[in-house]
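Okay, everybody, thanks for squeezing in. I'll put the structure up and we'll walk through a few spots together.

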Amino acid sequence: MQKLAVILFCLVTTHIRSQSIQVVESGRRVSMRGLSVVSDDVIWASGTGGNIARSTNGGASFTWMKVPGYEKMDFRDIEAFDSNTAIIMGITAPAVVLKTKDGGKTWKKVFEDTAKAAFIDAMDFFDNQNGMILGDPVKANSLYHLVTSDGGDTWSMIDHSIGNASFFGMNEGEAFFASSGTNLQMISKTEAVIASGGKSSRLYYKNQATTLPIMQGKESTGANSVAVNGKYAVVVGGDFSKDTISSNNCVLISLGTTPRFSAPVSNPHGYRSCVIYLNNTTLLTCGTSGVDISKDGGKNWELITKDGFHVCRKAKKGTAVFLAGNGKIARFTL
Ligand SMILES: *[C@@H]1O[C@H](CO)[C@@H](O)[C@H](O)[C@H]1NC(C)=O
Ligand SMILES: *[C@@H]1O[C@H](CO)[C@@H](O)[C@H](O)[C@H]1NC(C)=O
């Protein structure tokens, strides 16, 4: 048995290496959907079972920690600012946000919603101070929206409910996926580009919600991730319950007063939960059925591997690119 395992392991790593994705950490029964690459050296990941992983040597080794008191929490998103400071988002029961300033030795609760229906999905920061969290609608199909302007030390809820001046209604069965923490990208201290999914999948931009030309209509369908690069954006998604369908899973966007949508010439090869720009023309997207690269701004996608990952991130300062998934963290090199 042991020999067979070793042989299989070698085959798998060789295959992955030749495809420029190198698994640098594996073997834990943790589903990782949160990933934050601060620099080429500092990488944080978060996942199920209250688990957080941190590397300060470019992924050569990871230190694992379980957040005390949250041993069953699914931390679906993480935002790190350096090797000491990070914010983690636990999705539900309770929906909770915690912050560490000492590399994960201690965590302070900075937000909590104990309502049974509270479910938070994704977090993004524009800079070290200004951030946003999205959750599934709790009140009258209105956007569940938290903001911070002090680096996540305090969070306030924006009231988008009916009757309020900033009413932002969501459609029946429209919500946000908590698959990679990337269905919002902040573009200023107060604004974000947001992609919803479910029975209805829309792009929220400049206080307008526009239906995305992407798969939708079921709880498992819709947009999962948005990446913005100047005036352009890309959205990916699909149907996570049928993750090899490779149509209606990607939208190319030109952001103007009204966003203009177009479809790729050749789509990513299946449902995808995360998309990132590596530079103006090169993009990476990943999901449970594989990883694709585009070298022409998202028009054409080539399959790199059928090995699944939930999330990919590029270093905020640096060039390193990492992916995380079920029990594994990998480095991507071109
Ligand atoms: C990327 O594109 C933007 C315009 O969208 C341009 O201003 C910038 O110079 C480009 N950067 C590179 C490295 O080509
Ligand atoms: C983007 O990165 C790829 C791969 O490193 C490179 O070939 C390409 O020239 C880059 N494009 C721009 C516009 O910087």
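So, start at I78, which stands opposite I88 in β6. The two strands involved, β5 and β6, pair in the antiparallel sense, over five bridges. And if you follow the chain from β5 to β6, you go round a hairpin of five residues. Oh, and before I forget: this is a predicted model, so please hear everything today with that in mind.

Now look at I88 from its other side. Which residue is the bridge partner of I88 in β7? That's L98. So I88 has I78 opposite it in one direction and L98 as its bridge partner in the other. β6 and β7 also run antiparallel, again joined by five bridges.

What about burial in β6? Five of the five residues of β6 are buried, so this strand is largely enclosed by the rest of the structure. And you can see that on both faces: A86, I88 and G90 are buried on one side, while I87 and M89 are buried on the other.

Let's zoom out to the sheet. It's an open one, four strands, and the order is β5-β6-β7-β8 with antiparallel pairing. The edges are β5, residues 75–80, and β8, residues 108–113, and each of those pairs on one side only. From one strand to the next, the twist averages 15°. Over at the β8 end, β7, which covers residues 95–100, pairs with β8 over five bridges, antiparallel once more. If you want a pair to click on there, take K99: its bridge partner in β8 is K108.

Okay, back to the turn between β6 and β7, which I like. These two strands form a hairpin with four residues between them. A93 sits in that loop, and so does P94. The peptide bond joining A93 and P94 is cis, with omega at about -5°. On top of that, A93 has a positive phi, near 50°, and this is a residue other than glycine. Is A93 buried or exposed? Exposed: its relative accessible area is 67%. Set that beside β6, where five of the five residues are buried.

There's another positive phi further along, at N207. Its phi is near 60°, and again the residue is not a glycine. Where is N207 found? In the loop between β17, residues 202–205, and β18, residues 208–211. N207 counts as exposed as well, because its relative accessibility is 71% and the cut-off for exposed is over 50%.

For a loop residue that goes the other way, go to S179. This serine is in the loop between β13, at 174–175, and β14, at 184–186. S179 counts as buried, because its relative accessibility is 5% and buried means under 20%. What does the side chain of S179 make a polar contact with? With the side chain of N224, at 2.7 Å.

Right, second sheet. This one is open too, with four strands in the order β23-β24-β25-β26 and antiparallel pairing. Its edge strands are β23, residues 274–277, and β26, residues 302–305, each pairing on one side only. Here neighbouring strands are turned by 25° against each other on average, direction ignored. β23 pairs with β24, residues 283–287, antiparallel over four bridges. One pair to pick out is V275, with T285 as its bridge partner in β24.

Last stop, ligand 2. Which residues surround ligand 2? N279, T281, T282 and L334. By type, that shell divides into one nonpolar and three polar residues, with no charged ones.

Two distances to look at here. A polar side-chain atom of N279 lies 2.2 Å from an oxygen atom of ligand 2. And for T281, a side-chain N or O atom is 3.3 Å from a nitrogen atom of ligand 2. As for how covered the ligand is, taken alone it exposes 360 Å², and the protein buries 37% of that.

That's my tour. If you only look at one thing afterwards, make it the hairpin between β6 and β7, with the cis bond joining A93 and P94 and the positive phi at A93. Okay, who's got questions?

Note on methods. Residues numbered from 1 in each chain as written. Chains lettered and ligands numbered in written order. Predicted model: local features only at pLDDT ≥ 70, side-chain atom pairs only at ≥ 80, totals over all residues. Heavy atoms only, no water. Pairing = 2+ DSSP bridges. Axes fitted to C-alpha atoms, helices over the stretch in contact; angles between N-to-C directions. Near = heavy atom within 4 Å. Polar contact = N/O pair within 3.5 Å; in protein donor to acceptor, adjacent residues only side chain to side chain. Areas by Shrake-Rupley, 256 points an atom, 1.4 Å probe, with all protein chains shown as cover. Nonpolar A, V, L, I, M, F, W, Y, C, P; charged D, E, K, R; others polar. Buried < 20%, exposed > 50% of the residue type's maximum accessible area, 1.4 Å probe, protein only.
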